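Me: I am new to this structure and would like to go through it step by step. Could you show it to me?

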Amino acid sequence: MTRRQAAWFWACLLLLTPSTAHAHMMIKGMGPFVNGLLHPLVTIPHLLLLLGMGALLGQHPPLRLKWPMLTFAASSALGLLLSTTGWFPPTMPQPLLLGFALVFGVLIASAYPIPTWLQLTLLGLTALLLGLDSAVDKAIPTGHLQILFGTWLCLNLAIYNIAFYSAFCDRKKWSQIGLRVLGSWLAAIAVLVLAFALKK
Amino acid sequence: MNRKTRRIALYFLILSISCWFFPATAWAHTSGGIVGGFLSGFKHPISGLDHVVAMVAVGLWGAVLEGSAMWLLPVIFPMVMAFGGALGVMGVPLPGIEIGIALSGIALGCMVAFTIKPPLWVAGVLVGAFAIFHGYAHGTELPSAANALTFSVGFVLSTGLLHLSGIALGLLYRRSWGRYVVRVTGGVIVLIGCGFLFQIF
């Protein structure tokens, strides 16, 4: 990793400073676009899904992002637009989101290469869910479109960056191992959360 | 061990240990169940010495076994442990948990102390079996009021860092003097496990 890349990485990490992690709350002092932009980064289930999807895309070289890019962009846009219709609840059930995270975690940990059609299907469904789960709070009077656009931009930028940098893991054995360990952690988190949900 | 490997091992060791202090400062200014859940989950695996020694022993043993075991064991353990945790959360009855946990320290410590190198699948099954006990114990102790997601993130992160600490320490095995350090550490883990088994601690 070059110094510039490392600087961007640490700058992005600072965005994860934990002031609040409520999915639809506006962060005071920031405009609607920036709020939308930060939303996926401060929503833990979204972050886990993005990590899982991105790592899965980048784990098996060569990195091919054309169809995944198009699928994700279209599905996330569709999900965000559908979230404004009122046909779906404002938030998706967390077990559903974490169920997908479990699938991604297991696939990454096992390093099992899945067919492209399955990869695109999972990507599309997850993007749709992320979009549906990012409904703007009706209490916010203005700027809905900016919030949604910011969210869409962040989702797409995040997954493509994660996939891009995950692809570098192929170069060194240690980084391949680290990616698989990350997958196991993701799966473990998902199992625990699902257990909590089932208990309730 | 060459300079590069030594540097990597030292880096992991410092990172693992320093991460246990990091959340206290990074999350200091926030409030509510989300932060409390993460901190609570992060502290849970390190709240009991019996858990700590077993997690470290997994990493140590993986490093002693070398090859695929170095990463396979720390990949298997969290996933199976989470499954055990799920059983505990849902209240599925499982007997002999504390004995199983104490035995895990003794067994894994012996593996490290005597540098026992079974086939990979045997090591995986053994680690997996003990992981269920540890996960179950954590699952039954989980606070019901904690934010489930952040608790799980903190919990898994802490467990993983303990494994990393064990691996980093285990990398010393490649040096002639390091073998003694690693094996003595395994012996200490066995003694601690015996202490818990006979309820000395």
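Reply: The conversation below takes up chain A, then the contact between the chains, then one helix of chain B. Please keep in mind that this is a predicted model.

Me: Understood. What does the secondary structure of chain A come to?
Reply: Chain A has eight helices and zero strands. Read from the N terminus, its elements run α-α-α-α-α-α-α-α.

Me: How much of chain A is made up of buried residues?
Reply: Of the 200 residues in chain A, 46% are buried. Chain A also exposes about 10400 Å², and carbon and sulfur atoms supply 72% of that area.

Me: And what share of its contacts join residues at least 24 apart?
Reply: The share is 81%, counted among contacts in chain A between residues at least 6 apart in sequence.

Me: Let us pick one helix. How many residues of α3(A) are buried?
Reply: In α3(A), 13 of the 16 residues are buried, so this helix is mostly covered. Helix α3 of chain A covers residues 44–59.

Me: Why does its span agree with what one should expect?
Reply: At 1.5 Å a residue, the 16 residues of α3 in chain A should span 22 Å, and the end C-alpha atoms are 22 Å apart, so the two values agree.

Me: Turning to the surface, which residues form a nonpolar patch?
Reply: The patch consists of Met30(A), Phe33(A), Val34(A) and Phe149(A), which together have about 310 Å² of accessible area. Phe33(A) lies in helix α2 of chain A, residues 32–42.

Me: Why does Phe33(A) count as partly exposed?
Reply: Its relative accessibility is 30%, and therefore Phe33(A) counts as partly exposed.

Me: Now the two chains together. How many residues does the contact take from each chain?
Reply: Chain B gives 29 residues and chain A gives 28 residues.

Me: What area is buried there, and how many salt bridges are counted?
Reply: About 2600 Å² is buried between chain B and chain A, with 85% of it from carbon and sulfur atoms. The count of salt bridges between chain B and chain A is zero.

Me: Finally, what is the reach of α9 in chain B?
Reply: Helix α9 of chain B, residues 176–197, has 22 residues and reaches 32 Å from its first C-alpha to its last, close to the 32 Å expected.

Me: Which elements do its buried residues pack against?
Reply: They pack against α4 (49–65), α6 (97–113) and α8 (148–170) of chain B. Among the buried residues of α9(B) are Val182(B), Ile189(B) and Gly193(B).

Me: What comes just after α9(B)?
Reply: Gln199(B) comes just after α9(B) and takes a positive phi of about 55°.

Note on methods: Residues numbered from 1 in each chain as written. Chains lettered and ligands numbered in written order. Predicted model: local features only at pLDDT ≥ 70, side-chain atom pairs only at ≥ 80, totals over all residues. Heavy atoms only, no water. Patch = residues over 30% accessible without salt bridge, like charges linked within 9 Å, V, L, I, M, F, W, Y side chains within 5 Å. Areas by Shrake-Rupley, 256 points an atom, 1.4 Å probe, with all protein chains shown as cover. Salt bridge = Lys/Arg side-chain N within 4 Å of Asp/Glu carboxyl O. Helix = DSSP H or I, 4+ residues; strand = E, 2+ residues; numbered from the N terminus. Buried < 20%, exposed > 50% of the residue type's maximum accessible area, 1.4 Å probe, protein only. Expected span 1.5 Å × (residues − 1). Contact = heavy atoms within 4.5 Å. Buried area = accessible area lost by both parts, 1.4 Å probe.
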